[in-house]
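Biologist: Please give me a close look at one part of this model, the helix packing. Then follow it into the surrounding chain, residue by residue where that helps.

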Amino acid sequence: MKITSAPHPVPTVVRGESLDSIHRAREATRAFTDSLTPAPDPERADTFLLVVSELATNALRHGGGRYTLQLFAGPDTLTAAVSDLSSAAPRERAPDLNGGGGGFGWHMVRHLASHLAITPAPGTGKTIHAQLPR
């Protein structure tokens, strides 16, 4: 799947290896969308924030415990690229409706993103690119 997005003039990068880093990723994403001119619609910015949060959380839980988040904006798009240490592609699983064990994230990302691409890293790891209309 082709991802077309020009980089934001100042690249936004967050590296994380703990649950605290998810909060930093959310803050960086909010600052990123707030800095764009024209700013995305507030509902679109919230959706982008949710996608970033889910991808970063999934990278910590299922991708080897570390991630790198990069945020990009094009004239018509917002793109989050989350790299982790696992070569395994994300998989949908049945949501845990009773025990709080998750299972909603990847399904939600697939539903909210207009384009998704998974790029294997040299050696091990991967990058997931999630693109939304701006």
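**Helix packing and its surroundings**

Modeller: The axes of α2 and α3 cross at roughly 145° and come within 9 Å of each other. This is a predicted model, and what follows is computed from its atoms. The crossing of α2 and α3 is left-handed. On the α2 side, the residues that meet α3 are Thr47, Leu50, Val51, Glu54, Leu55 and Asn58. Their partners on α3 are Gly105, Trp106, Met108, Val109 and Leu112. By class, the residues of this contact are seven nonpolar, three polar and one charged.

Helix α2, residues 42–62, also packs against α1, residues 19–35. Here the angle is about 155° and the axes lie 9 Å apart. Because the cut-off for roughly antiparallel is an angle over 145 degrees, α1 counts as roughly antiparallel to α2. The crossing of α1 past α2 is right-handed, whereas that of α2 and α3 is left-handed. From α1, the contact draws on Leu19, Ser21, Ile22, Ala25, Arg26, Thr29, Arg30, Phe32 and Thr33. From α2, it draws on Ala45, Asp46, Phe48, Leu49, Val52, Ser53, Ala56, Thr57 and Leu60. The residues of the α1–α2 contact comprise 10 nonpolar, five polar and three charged.

Two residues of α1 deserve a closer look, starting with threonine 33. Threonine 33 belongs to helix α1 and is one of the residues in the contact with α2. Its relative accessibility is 2%, so threonine 33 counts as buried, the cut-off being under 20%. Beyond its neighbours within four places in sequence, threonine 33 is in contact with Ala39, Pro40, Ala45 and Phe48. Among these, Ala45 and Phe48 are α2 residues of the helix contact. The side chain of threonine 33 also reaches back along α1, to the backbone oxygen of arginine 30, at 3.1 Å.

Arginine 30 itself sits in helix α1 and is likewise listed in the contact with α2. At 28% relative accessibility, arginine 30 counts as partly exposed, while threonine 33 counts as buried. Residues up to four places away in sequence aside, arginine 30 touches Ala45, Asp46 and Leu49. Ala45 thus appears in the contacts of arginine 30 and in those of threonine 33. Between the C-alpha atoms of arginine 30 and phenylalanine 48 there are 9.0 Å, for residues 18 apart in sequence.

The loop between α1 and α2 holds proline 38. The peptide bond leading from threonine 37 to proline 38 is cis, and its omega is near -5°.

Past the other packed helix, α3 (105–112), comes the loop leading to β4 (115–120), where alanine 113 has its place. With 10% relative accessibility, alanine 113 counts as buried. Its C-alpha is 5.5 Å from that of glutamine 131, 18 residues away in sequence. Sequence neighbours within four places left out, alanine 113 is in contact with Ala130, Gln131 and Leu132.

Strand β5 covers residues 126–133 and includes threonine 127. At 15% relative accessibility, threonine 127 counts as buried. A polar contact of 2.6 Å links the side chain of threonine 127 to the side chain of serine 83. Apart from residues within four places in sequence, the contacts of threonine 127 are Ala81, Val82, Ser83, Ala117, Ile118 and Thr119.

Elsewhere, phenylalanine 72 lies in strand β2, which covers residues 67–73. Phenylalanine 72 has 22% relative accessibility and so counts as partly exposed. Phenylalanine 72 and threonine 12 are 60 residues apart along the chain, with 7.4 Å between their C-alpha atoms.

For the chain as a whole, the secondary structure consists of three helices and five strands. Read from the N terminus, the order of elements is β-α-α-β-β-α-β-β. The chain has 134 residues, of which 42% are buried. Of the contacts with a separation of 6 or more, 60% are between residues 24 or more positions apart.

Terms used: Residues numbered from 1 in each chain as written. Predicted model: local features only at pLDDT ≥ 70, side-chain atom pairs only at ≥ 80, totals over all residues. Heavy atoms only, no water. Axes fitted to C-alpha atoms, helices over the stretch in contact; angles between N-to-C directions. Helix = DSSP H or I, 4+ residues; strand = E, 2+ residues; numbered from the N terminus. Parallel < 35°, antiparallel > 145°, perpendicular 65-115°, else oblique. Left-handed = near helix turned anticlockwise from the far one by under 90°. Contact = heavy atoms within 4.5 Å. Nonpolar A, V, L, I, M, F, W, Y, C, P; charged D, E, K, R; others polar. Buried < 20%, exposed > 50% of the residue type's maximum accessible area, 1.4 Å probe, protein only. Polar contact = N/O pair within 3.5 Å; in protein donor to acceptor, adjacent residues only side chain to side chain.
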